[in-house]
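Work through the exercises below with the sequence and the model open. Try each task before reading its solution.

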Amino acid sequence: MLVLGIGNMIERIDKFLDPGGLRHLMFYYQDVEATDMEHFSFPGINSHLTKKKKPKVFVTEGKEVALTGVCVFFIRSSVLKAITAENIYQEVNFNMMDVGRDGLLKSVEQLILEIFIPALQITDYGWAGLGEHQQNDNIKKEFLTSLESFVSVLSGTQQSLLEKISLKKCATYDLKSLKGPADYLMVANNTDDLERIEVCMKEWTKQIQQNWRALDIRITDAVNEAKDNVRYLYSLEKHCDPLYNTDPVSMVDAIPGLINAIQMIQSVSLYYNTSEKISSLFVKVTTQMITACKSYITNNDTATIWNQPADSVMEKLHAAIRLKQEYQNCFHNMKRNLEQNPAERQFDFSEVYIFGKFETFNRRLEKIIDVFNTMRTYSVLQESKIEGLEEMIAKYESIVDIMKKKDYNFLDQRKADFDRDYEEFCKEINDLRNQLKTFMDDTFENIPNTERALCMLKKFE
């Protein structure tokens, strides 16, 4: 095993930091062979060397030394400039793999799946020089697809390795003593040795046959399960079609049939009737409903909630809320009907798991509706001719402007930024309400007669 010495390690670190230097730097922490000198004081016995394995941190190219422990690595985004204490957080990416704990394939799979792919999905840096904008998008999409396929290969390979057959150790003959062709010829001419080896071969043959029979049974079960799943999932197709090809208003009519179809699958299917699979199916339905609602509200992602007529947006928001309510009502109706017949498989699923995302999305829509209603209520200030309201009108316009200029997706229920901004919006509107109340109280208090008070009241109306 080749491990760099201290001088070479420092030199490699320096090269990594220098302009035009190395693009990556790797540290291994794992057991390496260390030579110890053992001293004996007995006369006539000299000191001698022993080799032991000890954990050690060292810098490596990663080519000559097999990784068996922890790898900590640094990658430069560019080699054009020197790495300094001021720019290291921008220029250097850091990560690690624990092969000793997770295995090499699993470590690489997690690194690509959890770090590299999400990072590539959210950044456009580095793609710009590859062609036109649309071409860049296609190249990026193809690359990410290839990367995801590679992750699937890693996962499949890892699964295959877990299912390998480990043949029992040969107890009747030391096969490690056979080093080459000469040894094979010698054994071939020795009847006793051949008989002992044949004993091992028979054991291995029996072991392989047992494993093959078990594998054949598993394959048969998997094929039957696949056929069963395809048959029943195909029956769902016509009920799921509205989730993809209609809007939330029309989708409501398809929900009872969809719930009935899922209940039928749970009752009849031999393989797709587990709580996990039916729950997962419901979650997919929920996710697609949310996606359809977002597409409906934004005109297939061509508009925002702010550049459409407010009345139209409000109508769409209410339609999405009605869809969620109808979906949940149909689920509860089916659950109650099944409870009347204990012999049937029950809808004993986690409603938080199935409807949790929709509940969160629903709360977001209700907050957006509240914002629109509030804006509609206070928009009359902009038409008022009452003297003294100028400051409050400007404040209202500023509150609305700040909310509309937020650059996140208001319909993304995962974005907590909106919830904070909504709280701030409500606080500012409440302050404006109190300011208006004080203005009205002061105005009427200073009016000397009833006739002028009625005129002023008419202006407020």
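**Exercise 1: A salt bridge between a loop and a helix**

In this predicted model, the side chains of Lys81 and Glu91 form a salt bridge, with 3.5 Å from N to O. Task: find where Lys81 and Glu91 lie and how many residues apart they are in sequence.

Solution.
Step 1. Lys81 belongs to the loop between β3 and α2 (88-91), and Glu91 to helix α2, so the salt bridge ties together parts that are 10 residues apart in sequence.
Step 2. Buried means under 20% relative accessible area. Glu91 has 10% relative accessibility and therefore counts as buried.
Step 3. Lys81 has 42%, so this residue counts as partly exposed.

**Exercise 2: Two further salt bridges**

Task: state how far apart the closest N and O atoms are in the salt bridge of Arg12 with Glu61, and in that of Arg376 with Asp311.

Solution.
Step 1. For Arg12 and Glu61 the closest N and O atoms are 2.9 Å apart. Arg12 is in helix α1 (residues 6-17) and Glu61 in the loop between β2 (48-60) and β3 (70-76), 49 residues apart.
Step 2. Arg12 counts as buried because its relative accessibility is 7%. Glu61, at 31%, counts as partly exposed.
Step 3. For Arg376 and Asp311 the distance between the closest N and O atoms is 2.6 Å. Arg376 lies in helix α12 (residues 351-378) and Asp311 in helix α11, so this pair ties together parts 65 residues apart in sequence.
Step 4. Exposed means over 50% relative accessible area. Asp311 has 53% and is therefore exposed, while Arg376, at 43%, counts as partly exposed.

**Exercise 3: Checking a helix**

Task: compare the span expected for helix α9 (residues 255-268) with the distance between its end C-alpha atoms.

Solution.
Step 1. Helix α9 has 14 residues, and at 1.5 Å a residue it should span 20 Å. The expected span uses one less than the number of residues.
Step 2. The end C-alpha atoms of α9 are 20 Å apart, which agrees.
Step 3. The buried residues of α9 include Ile255, Leu258 and Ile259. Among the elements that cover the buried residues of α9 are α7 (191-245) and α10 (275-297).

**Exercise 4: A surface patch**

Task: which residues make the nonpolar surface patch of about 370 Å²?

Solution.
Step 1. The patch is made by Trp212, Leu215, Ile219 and Val223.
Step 2. Trp212 is part of helix α7. With 54% relative accessibility, Trp212 counts as exposed.

How values were computed:
Residues numbered from 1 in each chain as written. Predicted model: local features only at pLDDT ≥ 70, side-chain atom pairs only at ≥ 80, totals over all residues. Heavy atoms only, no water. Helix = DSSP H or I, 4+ residues; strand = E, 2+ residues; numbered from the N terminus. Buried < 20%, exposed > 50% of the residue type's maximum accessible area, 1.4 Å probe, protein only. Contact = heavy atoms within 4.5 Å. Patch = residues over 30% accessible without salt bridge, like charges linked within 9 Å, V, L, I, M, F, W, Y side chains within 5 Å. Areas by Shrake-Rupley, 256 points an atom, 1.4 Å probe, with all protein chains shown as cover. Salt bridge = Lys/Arg side-chain N within 4 Å of Asp/Glu carboxyl O.
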